[in-house]
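Visitor: I am new to this structure and should like to understand the terms used to describe it. Would you kindly show it to me and explain them?

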Amino acid sequence: QVQLVESGGGLVQAGGSLRLSCAASGIIFSLVGMGWYRQAPGKQRELVATISERYIADYADSVKGRVTLSRDNDKNTLYLQMSSIRPEDTAVYYCHSEGYSLWGQGTQVTVSS
């Protein structure tokens, strides 16, 4: 089955840390770029970070220095390590496979101040 399944979201206090995971199945994970996007209530979906099949990562200015994107091609899994979390990071976080134009169902991150 072709799918992306996110996990790791939840309620976290401002200043805390969180790691999101995205497990891919049914795709050739190692050959495609992957990314995380997020959508806050009342706002458009926005890019958080992307990583190419050659492990080159790029970050949105709003999260640069606070998040680290990584991938494990052996496990077909994408990770987003978030630290120094802020209330404005509250959103549904979506995993995306660029090569397949595939989206996960999203995982909610809520940051309390």
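Guide: Let us begin with a definition: helices (H or I, at least four residues) and strands (E, at least two) are DSSP runs, numbered from the N terminus. Tyr100, for example, is placed in the loop between strand S9 (91-97) and strand S10 (102-103). This is a predicted model, in which local features need pLDDT of at least 70 and side-chain atom pairs count only at pLDDT 80 or more, while totals for chains, interfaces and linings use all residues. Residues are numbered from 1 along each chain as its sequence is written, and side-chain values use heavy atoms, with hydrogens and water left out.

Visitor: Why is Tyr100 called partly exposed?

Guide: Buried means under 20% relative accessible area and exposed means over 50%, with partly exposed in between (1.4 Å probe, protein chains only). Tyr100 has a relative accessible area of 35%, so Tyr100 is partly exposed.

Visitor: What makes Ile28, Leu31 and Tyr100 a nonpolar patch?

Guide: Patches are made of residues with over 30% relative accessible area and no salt bridge; nonpolar side chains (Val, Leu, Ile, Met, Phe, Trp, Tyr) are joined within 5 Å, and like charges within 9 Å. Ile28, Leu31 and Tyr100 form such a patch on the surface, with about 300 Å² of accessible area together. Accessible areas come from the Shrake-Rupley method with a 1.4 Å probe, and for residues only the protein chains shown count as cover.

Visitor: What makes the contact between Glu46 and Arg38 a salt bridge?

Guide: A salt bridge is a side-chain nitrogen of Lys or Arg within 4 Å of a carboxyl oxygen of Asp or Glu. The side chains of Glu46 and Arg38 meet at 2.7 Å, N to O, so the pair satisfies the rule. By this rule there are 4 salt bridges.

Visitor: Is Arg38 buried or exposed, and why?

Guide: Arg38 has 6% relative accessibility and therefore counts as buried. Its partner Glu46, at 35%, counts as partly exposed.

Visitor: How do you know that Asp89 forms a salt bridge with Arg38?

Guide: The closest N and O atoms of Asp89 and Arg38 are 2.9 Å apart. Asp89 lies in the loop between strand S8 (77-82) and S9, and Arg38 in strand S4 (residues 34-39), so the pair ties together parts that are 51 residues apart in sequence. Asp89 has a relative accessible area of 0% and is therefore buried.

Visitor: Why is Asp61 called exposed?

Guide: The relative accessible area of Asp61 is 66%, so Asp61 is exposed. The side chain of Asp61 meets that of Lys64 in a salt bridge (3.2 Å, N to O), and Lys64, at 49%, counts as partly exposed. Elsewhere, salt bridges that share partners join Arg38, Glu46, Arg66 and Asp89 into one network.

Visitor: What makes the phi of Ser101 worth stating?

Guide: The phi of Ser101 is near 50°, a positive value in a residue other than glycine. Ser101 lies in the loop between S9 and S10, and with 57% relative accessibility it therefore counts as exposed. Tyr55 also has a positive phi, of about 70°, although it is not a glycine. Tyr55 is placed in the loop between strand S5 (46-51) and strand S6 (57-59), and at 46% relative accessibility Tyr55 counts as partly exposed.
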